[in-house]
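Me: I am new to this structure and would like a close look at a single part of it. Please take the second helix, and place it within the rest of the chain.

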Amino acid sequence: MWGAKQRHENAVYIHLPDSGSTWGYLNLKTNIRDFKFWMTYELDHSLSATLESDDAENFADAFAASLLYPHELAE
């Protein structure tokens, strides 16, 4: 990432199963490239809430990467 922050200082996804509510926090003071990544990354967590652990993290990484930089552009 281009920004200097680590460990959920740029974004965090929170799901509260008792109330069924979902929350996303995004740091607006981060680098715009980081912000776009974290925004799509946390969006994926809300869309794929049934995934857990490493599967959820790996899928969110792939989702954000594919949305921001499609494979066709990488070729």
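Reply: Of the 75 residues in the chain, 23% count as buried. The model is a predicted one. The chain has three helices and two strands, and along the sequence these follow the pattern β-β-α-α-α.

The helix you ask about, α2, covers residues 53-68. S53 lies in this helix. The phi angle of S53 is near 55 degrees, which is a positive value in a residue other than glycine. S53 counts as exposed because its relative accessibility is 56%, and exposed here stands for a value over 50%.

D54 also has its place in helix α2. With a relative accessible area of 54%, D54 is exposed as well. D54 belongs to a patch of negative charge on the surface, where it gathers with E52, D55, E57 and D61. To find this patch in the view, begin at D54 and look for the other acidic residues named with it, among them D55 and E57.

Further along is A65, again a residue of helix α2. A65 has a relative accessibility of 40%, so it counts as partly exposed; that class lies between the buried limit of 20% and the exposed limit of 50%. A65 also gives a link to another part of the chain: its C-alpha atom is 7.5 Å from that of F37, although the two residues are 28 apart along the chain. F37 falls within α1, which spans 32-47.

L68 is in helix α2 too, whose range is given as residues 53-68. Its relative accessibility of 37% makes L68 partly exposed. On the surface, L68 takes part in a nonpolar patch of about 420 Å². The other members of this patch are L67, Y69 and L73. Two surface patches can therefore be traced from residues of α2: D54 is exposed at 54% and sits in the negative one, while L68 is partly exposed at 37% and sits in the nonpolar one.

For the surroundings, turn to helix α1. H45 has its place there. H45 is buried, because its relative accessible area is 8% and buried means under 20%. The C-alpha atoms of H45 and I14 are separated by 9.0 Å, with their positions 31 residues apart along the chain. I14 falls within β1, which covers 11-16.

Before α1 comes a loop, which joins it to β2 (21-26) and holds N27. N27 is buried, with a relative accessible area of 9%. A polar atom of the N27 side chain lies 2.8 Å from the backbone nitrogen of K29.

One more pair concerns the start of the chain. E9 is in the segment before β1, and at 37% relative accessibility it counts as partly exposed. E9 and T30 are 21 residues apart in sequence, and their C-alpha atoms are 9.2 Å apart in space.

To return to the part you asked about: within α2, S53 has the positive phi value, D54 belongs to the negative patch, A65 has its C-alpha atom 7.5 Å from that of F37, and L68 belongs to the nonpolar patch.

Conventions:
Residues are numbered from 1 along each chain as its sequence is written. This is a predicted model: local features need pLDDT of at least 70, side-chain atom pairs count only at pLDDT 80 or more; totals for chains, interfaces and linings use all residues. Side-chain values use heavy atoms; hydrogens and water are left out. Patches are made of residues with over 30% relative accessible area and no salt bridge: like charges are joined within 9 Å, nonpolar side chains (Val, Leu, Ile, Met, Phe, Trp, Tyr) within 5 Å. Accessible areas come from the Shrake-Rupley method with a 1.4 Å probe; for residues, only the protein chains shown count as cover. A salt bridge is a side-chain nitrogen of Lys or Arg within 4 Å of a carboxyl oxygen of Asp or Glu. Lys and Arg count as positive and Asp and Glu as negative; His and the chain ends are not counted. The place of a charge is taken as NZ of Lys, CZ of Arg, CG of Asp or CD of Glu. Helices (H or I, at least four residues) and strands (E, at least two) are DSSP runs, numbered from the N terminus. Buried means under 20% relative accessible area, exposed over 50%, partly exposed in between (1.4 Å probe, protein chains only). A polar contact is a pair of N or O atoms within 3.5 Å; within protein, one must be able to donate a hydrogen and the other to accept it, and residues adjacent in sequence count only if both atoms are side-chain atoms.
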